[in-house]
Structures are given as structure tokens and as C-alpha cells.
Amino acid sequence: MSGSTSRPTAHHWGSGIAVVENGRLKGVNPHPIDPDPSRINENIVDGIYGKSRVLKPAVRKSYLEAGLGAKTHARGSEPFVEVSWDTALDLVAAELQRVRTHFGNRSIFGGSYGWASAGRFHHAQSQLKRFLNATGGFIRSWGNYSYHAALVLMPHIVGNFRDHVRQATRWRSVAKNGELVIMFGGAPMRNVQISGGGIARHRLHDELKACADAGVRFVNFSPYAKDAPQMLGAQWVPLRPGTDTAVMMGLAHTLLVNEKHNQDFLRLYTSGFGRVAAYLLGDADGKPKDADWASAISGVDANVLRELAMEMSEKRTMISTAASLQRAKYGEQPLWMTVTLAALLGQIGLPGGGYGIAYGADASIGAVDRPIHWPAFPIGDYPLDEYIPVACIADMLLNPGEPYDFNGRQCTYPDIRLVWWAGGNPFHHHQDLNKLRRAFARPDTIIVNEIAWTGTARHADIVLPATSPLERSDFGAGNQDNALIPMPQAIEPVGEARDEYDVYCALENRLNLGKAFSMGRSKQQWLESMWREMTDLASEQDFNLPEFSSFMAGDIVELPDPAPEAVFLQEFRDDPERNPLTTPSGKIELWSEVIESFEYTDCPGHACWLFDDEHFADNDYPLHLLSGQPETRLHSQLDAGAFSTSRKIKGREPVLINVEDAAARGICENDIVVVHNNKGSCLAGAKLTSSIAPGSVFLWTGAWYDPDFSTADHRDRHGNPNVLTDDCRTSRLSQGPAVQAKVEIEKFTGDPPPVRAFDPPLELDPSG
């Protein structure tokens, strides 16, 4: 191709304009309609053309030479040999057939978890799940790493949490009606670049600024001051990590003993308050959960809590709790206590008041919604309707046949022989990576579809090179956005990369599946069929969409926002008899008889303070490790890109250290440091700041896993925090990921080893 073109495209971090000259992508520029575009687009060119790109099918050397199960302990450290597509597909087809025949489909795990492409058709999870369903089924994961505890807990106490996210009170309602926002964990702007399925306009910066301009006061309870955007002028109240539940209880106790709780609301709209009140007052254990008690646990001044509680009772108050708070041991408790505290104030369902969970986790929450249900590539029926909680992957692989509790049921881990991963990178998002390495040594075969040589690809046996979104045609439509974004193919596939649809069609033929996967359709036919479905749904709402060819040749199409003034649970508040909740009582269950009946000591029947001795103990690891989504990438995606690498320190991920903690350890700005505990260690670059509370450090997630196998603990050279985190669960109720860690930091002496994370692990000569 010759000449220059500029066409719209979409990723999960937003829309953009792909600029192509003579067939080569030159960049992805901001789309003109986006008021706050993400700079993550600056990573795309390097992600497509950089040295970490998977260019050809590749097979782990021992697997290719010695066959099934050879040196599985060497996964992650052994080189790969590039092979032809026919060789790779023959290996995949033979292994699928072997496992299905000898062990059954219950021994296949479809590990498709992650963001992958924003496209509706080329959606990695849907493509893999549809194909494996066509083969007879597979074991899958359920839930997500972001807010898994909420997905399980909230239906018991309020209702379906996925609905809550879409129904969240809009920030414009807070700007018009609110006076005070209490933030537990803030609403970081680095998070709100992202939205599942894509986003046309990043609105939240302006929405939050409008609140501040209207005089709404913000209070940020967090160990990191910048979890609240600077424009909010928020009062920063640093607290000991993991103590938010205690702080909420101190506030609630103050409301209760000063009779500032809304008794009418509690009587009409909630059930079980009597048990909660008795707990807060200390009737059962002799320990009132008052402000002094909360202060001793959290480090927050008791007078600050007492004064704030009274202010909350006098003003229209929104309580905002970040999704991150639940990713800890007993992570259900801050969620339940958020609802409880908001119920005591009695402002749930009022404009600008109430509560919201996961504000700041996504670009759309509290800002916009889709007017119709967008079509998706159909996955078909599940022949095996069996799954594990998403964070139990390592436990499943290491403990086949072992029982575990989950949401009132006792389940059993399957015996997995074949893992097929597409659309994600567990060697980024899972915790305790040394344990995960041991787990990944267990299956007979691991297949990975990938664009780049991530940690997960390096731990595979067979790696299939996939196309990037710019190398195929699709359309984007955010899970909670009101825009449709054309994604026409901008460039030819690099190397021998193939669309995953083509890969599954080739395997469909090899396995004699008939047309169970493809239905005999081409990619274009699937896209046109999905667009017709979209057009029909839109016409029912009196929206007229263009023909597919015109849409793909045009630009973003925006539909009306269906509820720009949405207030969460307003209909329930207006008429609880006609609009009951989906809970057993039809009300907000501050005490749940159902959860109580499970007899889980790690998640009783109402919000409790459950003390994690190990996490709060004074030991050899005095610093609390925080980690979160960086500004420079979506989780681990495109970490080798220009924008991502520009923020690294001497090639390592930066770790934020309080200036006092750094001085006590002789650490200076830009020093290479060792972050370590009894789980593992990593190297990082020191960034000194007063924005992180003393006793805490912050290491961004997503640095590609780069273990140094010459060290005893396989030290990560690049700065991946999940070599340090615990792999345990929130509770037996939800089995959500609990990823807290305590660490020590010291200055690295000597010459640091080079980072190898972006070097392809290839053996060019198969003979040696």
C-alpha cells in the first residue's frame, strides 16, 4: 500500500486516529471529539513493530523435541523454536483430541481473562469460549480481579453489582445536589482512562472538576494522596492500609450514639439494623466500635472522625469506595460497611447522596451509559457449566480433587491437563508469581494466543501469534458507553500473525467439528450479521444507524445517553413496595440470614472488623505494599511501548517511597532498590515523594515479569509487584483475590542486571 490514510480506531483506553503511511502505522493520534485523550496510544507503534512481538508460531524446545510433558518445570526459562502454522496447528489439534479422549473436556481449562481487543467480534474471550464449547466444553473462570467480592456479596445485601455499576449516581447529580464526598481509596484519574469495550469521550475529569467548581467538598481516606485528583482540593486523611472498615465503623458509631442516624430510612428500607447496632455499640464483645477504637487501628485522629461524622449527617453526602479495597483479606467487609454507613445517613436514593462502589475504576462509571445492549460474538451454550472463582487458578492447578467453599456451596477443583490462554496475562494480574510458576508446571500442555512475548507466553508450550486490533476489521462499543466506533483494518498483519477466528476455523476442520464454531460464515459475514442485530435493536428505540459499509468508512456514531441524571436506587426509595430489591427481604440487608447460615467465620452475617494478624504484625517487613493501575498502560498491555518505558527508572518500574522512609534506609531519588519479603523480591527504581504516607510504598502493576533464575528466589529484574503478594482469598464466601503484602526495601549495590523482559526467548537454530 502507498500513500497516507487516517482512520478512526478504538482500544479500551479510548478512541483514536490511526495514521498510516505507505502501509506502515506511524502513530495513533487523539480523536478530535475526546476532551481528555489517553496517552497510552503512544505505546501502540512499538507494540506492533517492537522486538517483543510474536512473529511466528513457536514451540517450547523440550516440548517440540521430546513431546508432551517434557521438562514442564522449565516453562518460563526455556527457549522456543519457531515452526510453521501447519506444525503448530497439528500439535494443538492432536493435544485437544488426546485430552478429550482420555480425560474428557473437564480436563481443559479455557483461561481467557483480560482486556485484549475492544472489538465486538475479535474478542479473545468470546472466540476461545465459542471454540472450546464447540469441542464439547471446558472449565472456565468466573468473576474478575477488579471487584470479585462485590459480584458475590452484593446480590445478598442489595442486588446485582454489575447492574449497580451501570446505575451509579451520576457525578453531574453530585455537582447539582451534593455537598460532601467521602472517598475511601479516591478516584484516580489514571484508572478512568479505561473502559471495557472502549470509550469515545473521556468525561470524568470534567465531571469531577464540575463538582469541585460547584463547591462540593471532598475527603480522601487513602495512604496515597494522589488517589484523589489534585483539582478536587480534597482533604487528605492518610490511614493504615486495610483499615477502611474500622474507620467506617468509627463514623457509624458516632452517628449512632449522637442519634444522627436516620431511623425512618433504616426502618423502611433496611433489615437487620438491630444486630448491626448491637455490634457497633459493643454489646456482644464489650468493644464499642467508636472513633477512639477506629483511631487506634487506623492511625486516623479520633477527633477527625467525630467531626466528619457530624458533618456527614448535616450535608448531602456521597460515600465513594474504590474497588481496590476489596482486594484484601476479608475484602467483603469494607463493601458491606459502605452500604451500612450510607444506610445510617439515610440518603441512599437521593440526588447527590448515598453511596457508590468502584467509582474511579472505569471511565464510564457515574458518567455515561449505553442506550441499548450491544451485540457480542456469541459463545454458545456451555456443555460443561462448571467454573472456578477467577483468582483460584494456581490453587486449581496445584490441588486437583481438593474441595473448597464458595458462596454457600462446596466445590471441587478439576484435574486440568490442558490450559489454553487467550486475551490476558496472568503473569501480570495473578498474585504470588513464584507460586503461579509452580502451578504452570503442572498441566501436560499450555497453549497461548499472544501478540507479544509476555510472561504468560514464555510459560507456554505452544504460542500462536495473534493479530493486533489495527491488523483486522471490527467495531468498538463500550460496555457502558453510548458510542459506536469503526475499527477498519489499518495495516496488514505483521509477521505471520493470524486472526484468532482463522485459527479456530482451521482447527474446526482438523477436528472434524463440522461448522459448529464458524457456522460456515466468513469474518465479514459475522460482522455484518452483528451489525444487523445492532441496527434492529437501535430501530426499536427509534435510533437509525447507517449501513455497515457506510459506518466502517465513516466516523464515530453517538447515541443519546439514556439516563444522564441517574440516581442509584431512586425508584426503590420512592416506592419500596413496588420496586423491591432482589434480596430475600426486598430491602437492603444490613444483616443477611443467608450469609449467616453459611457459618463462615471469615464472613459473618453482617459487616464486621476482622483483624488480619499477619498483615498488621510488626515483623521483618514493616512497609505496606500498595499497587495499582499505572497511567502509562492498561495493566501490562504494551509495556514495551514508548510512553510506558518513558516513566521507568533505569529500565525498572518506579516504586514510590515516602521521603522519611527513604532517608532511614539511605535511599536517594532514582536509586535501584530491592523490594523483598518472604514471597520473593524485585528490583525497582526509587521515586521519593511526600504523597505516600510513611509506612507505605506504591509499586505500579504491569511491568512484564522478568525472573532472574540465577538468584535463589528468582528475583524479578523489572519491578513486578506480584512476586511479593500473597495468593490467598478474601473469604470463603466470594473467594476473591486478596493481594496484600508487607515488604522491606533496601538500596541495590553493584551493577544491576539488564532487564530481559522484552527480548524474545527464541532459539533461531533448532539443532542447537
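The expected span of a helix is 1.5 Å times one less than its number of residues. In this predicted model, helix H20 makes a handy test case. H20 covers residues 523–540, and its 18 residues should span 26 Å at 1.5 Å a residue; the end C-alpha atoms are in fact 26 Å apart, so the two values agree. Just past the end of H20, Asp542 takes a positive phi of about 65°.

H20 doesn't sit on its own. The helix lies across strands S20 and S21, running at about 35° to S20. Its buried residues are Trp526, Leu527, Ser529, Met530, Trp531, Met534 and Ala538. These pack against S20 and S21, and also against three helices: H4 (124–134), H19 (500–510) and H21 (548–553).

The sheet under discussion is an open one, with 3 strands in the order S20-S21-S22 and antiparallel pairing. S20 (474–477) and S22 (557–558) are the edge strands, each pairing on one side only. S21 (residues 483–487) is joined to S22 by 2 bridges, with the two strands running antiparallel. One residue pair to look for is Ala483 with its bridge partner in S22, Glu558.

Right beside this sheet comes Asn482, placed in the loop between S20 and S21. Buried means under 20% relative accessible area, and Asn482 has 6%, so this loop residue counts as buried. Its side chain has polar company, though. A polar contact of 3.1 Å joins it to the side chain of Arg203, and the Asn482 side chain also reaches the backbone oxygen of Leu559 at 2.7 Å. Setting aside neighbours within four places in sequence, Asn482 is in contact with a run of residues including Val368, Asp369, Arg370, Pro371 and Trp374, as well as Val557, Glu558, Pro560 and Asp561.

Aromatic rings turn up in plenty of pairs: a search of the whole structure finds 39 of them. Take Phe377 and Phe517, whose ring centres are 6.2 Å apart; their planes meet at 70°, so the pair is edge-to-face. This pair links distant parts of the chain, 140 residues apart, with Phe377 in the loop between strands S13 (354–357) and S14 (387–389) and Phe517 in the loop between H19 and H20. Both Phe377 and Phe517 are buried. Another edge-to-face pair is Phe427 with Phe440, at 5.0 Å centre to centre and 80° between the planes. Here the partners are 13 residues apart, Phe427 in helix H16 (residues 426–429) and Phe440 in helix H17 (residues 433–440). Phe427 and Phe440 are buried too.

Phe377 and Phe517 also belong to one aromatic cluster, along with Phe121, Phe131, Trp420, Tyr501, Tyr504 and Trp526. Trp526 brings the story back to H20, being among the buried residues of that helix.

Further along the chain, strand S25 (residues 654–658) is mostly covered, with 5 of its 5 residues buried. In a regular strand the side chains alternate between the two faces of the sheet. In S25, Pro654, Leu656 and Asn658 point one way, while Val655 and Ile657 point the other way, and all are buried. S25 pairs with strand S27 (residues 681–689) in the parallel sense over 5 bridges, where Asn658 has Thr689 as its bridge partner. With strand S28 (residues 696–699), S25 runs antiparallel and shares 3 bridges; there, Val655 is matched with Leu699.

Key
Residues numbered from 1 in each chain as written. Heavy atoms only, no water. Pairing = 2+ DSSP bridges. Helix = DSSP H or I, 4+ residues; strand = E, 2+ residues; numbered from the N terminus. Contact = heavy atoms within 4.5 Å. Axes fitted to C-alpha atoms, helices over the stretch in contact; angles between N-to-C directions. Buried < 20%, exposed > 50% of the residue type's maximum accessible area, 1.4 Å probe, protein only. Polar contact = N/O pair within 3.5 Å; in protein donor to acceptor, adjacent residues only side chain to side chain. Phe/Tyr/Trp six-rings, centres within 6.5 Å; stacked < 30°, edge-to-face > 60°.
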